[in-house]
Amino acid sequence: KEKKRHMGDTKHFCPVSLKENFVLHPGLNEHAAKYQEKIYYFSTSEYKDKFLMNPEEYVAHNEPIQAPPLQVCLLGTHGAGKTTCARQIADKLGIFHIQFEEYLQELILPKTKEKIGPNYDEEPEEDYSKMPILSQELDYFSQIMTNTETEKGKQEVVLTDEEEAIKANLMANEALPPEVLDNIVLDWWRKEPFRSTGFILDGFPRTLHEAQYLSERGLCPDVAVYIQVEESDILDRLFPPRLKKWKERQYKRMENKKKLKDLKAKIRV
């Protein structure tokens with residue numbers, strides 16, 4: 001039988017991942033190294049080499065190595081109740097709640113001025129109250145509208161490449177490039193106040209592409225929870241408010257058509 005091994009300060013977790021990313025990433029037997037009669041395990045061969053070049057940087061000295069706070073990924077389909085659960089967990093554990101898609105909205109909201117995506121798309125309402133009721137004013141009104149559109153075109157805000165990628169993701173679920181994810185996600189694992197407090201990440205990763213991104217960057221959550229809900233429950237939860245919203249839009253559309261009809265009748269008179 002193999003003799004009991006004396007494990008390093010981080011036990012079976014990679015000391016380099018803990019030091020640099022503040023992540024408890026399990027090490028592998030094939031990436032093990034011995035230092036001062038203790039066995040250390042590493043998540044990759046690159047981290048093993050890095051440790052061997054300067055081991056004193058990654059071992060305990062005057063006091064034990066501090067473990068990172070709780071880092072949770074909460075997953076589930078739209079309407080499963082992720083946000084409600086995440087808020088309660090964050091309050092109970094004293095960690096940050098990060099709602100991923102809401103965070104993306106906030107990044108481009110200063111330029112878009114409104115939230116975008118399938119859940120926020122609404123048909124624009126026409127302001128019939130500004131339509132002239134005298135036939136001789138129609139040409140003047142048309143000219144005003146043309147000038148207004150021209151001014152709007154001049155004032156149109158130009159999005160950066162990163163903002164365009166975020167917009168495409170929210171509108172059409174286009175994958176976010178790794179460099180864009182680097183500017184968003186890495187801070188939650190590596191920078192304060194998230195690094196020392198911990199967080200629950202609501203709605204990320206959403207796709208295999210995003211899960212692979214976390215793996216490639218060595219961003220390993222302590223817990224990944226998937227909320228599974230019956231389709232009937234989701235329909236009961238989401239359908240009534242959406243139906244109400246649709247009925248309100250239909251009512252406004254009918255009212256506007258009636259106003260337009262009345263205005264045309266006045267112009268003919």
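This report looks at helix H9 and the two helices, H4 and H7, that help cover it in a predicted model.

## The two sides of H9

Helix H9 spans residues 208-217, and its buried residues are Glu 210, Tyr 213 and Leu 214. They sit on the same side of H9, because the arc they cover around the axis is only 95°. That fits the usual helix arithmetic: with 3.6 residues a turn in an α-helix, residues three or four places apart point the same way.

Flip to the other side of H9 and you find Leu 208, Ser 215 and Glu 216, which are exposed. Just after the helix comes Gly 218, with a positive phi near 70°.

## What covers H9

So what lies over the buried residues of H9? The cover includes helix H4 (100-112) and helix H7 (178-190). These two also pack against each other, as described next.

## How H4 and H7 pack

A pair of packed helices is described by the angle between their axes and the distance between the axes. For H4 and H7, the angle is about 125° and the axes are 12 Å apart. An angle between 115 and 145 degrees counts as oblique, and H4 and H7 are therefore oblique to each other. The crossing of H4 past H7 is right-handed.

Which residues make the contact? From H4, Phe 100, Tyr 103, Leu 104 and Leu 107 come in; on the H7 side they meet Leu 181, Ile 184, Val 185 and Trp 188. Sorted by class, the H4 and H7 contact has eight nonpolar residues, with no polar and no charged ones.

Definitions and conventions. Residues numbered from 1 in each chain as written. Predicted model: local features only at pLDDT ≥ 70, side-chain atom pairs only at ≥ 80, totals over all residues. Heavy atoms only, no water. Buried < 20%, exposed > 50% of the residue type's maximum accessible area, 1.4 Å probe, protein only. Helix = DSSP H or I, 4+ residues; strand = E, 2+ residues; numbered from the N terminus. Arc of directions from axis to C-beta. Contact = heavy atoms within 4.5 Å. Axes fitted to C-alpha atoms, helices over the stretch in contact; angles between N-to-C directions. Parallel < 35°, antiparallel > 145°, perpendicular 65-115°, else oblique. Left-handed = near helix turned anticlockwise from the far one by under 90°. Nonpolar A, V, L, I, M, F, W, Y, C, P; charged D, E, K, R; others polar.
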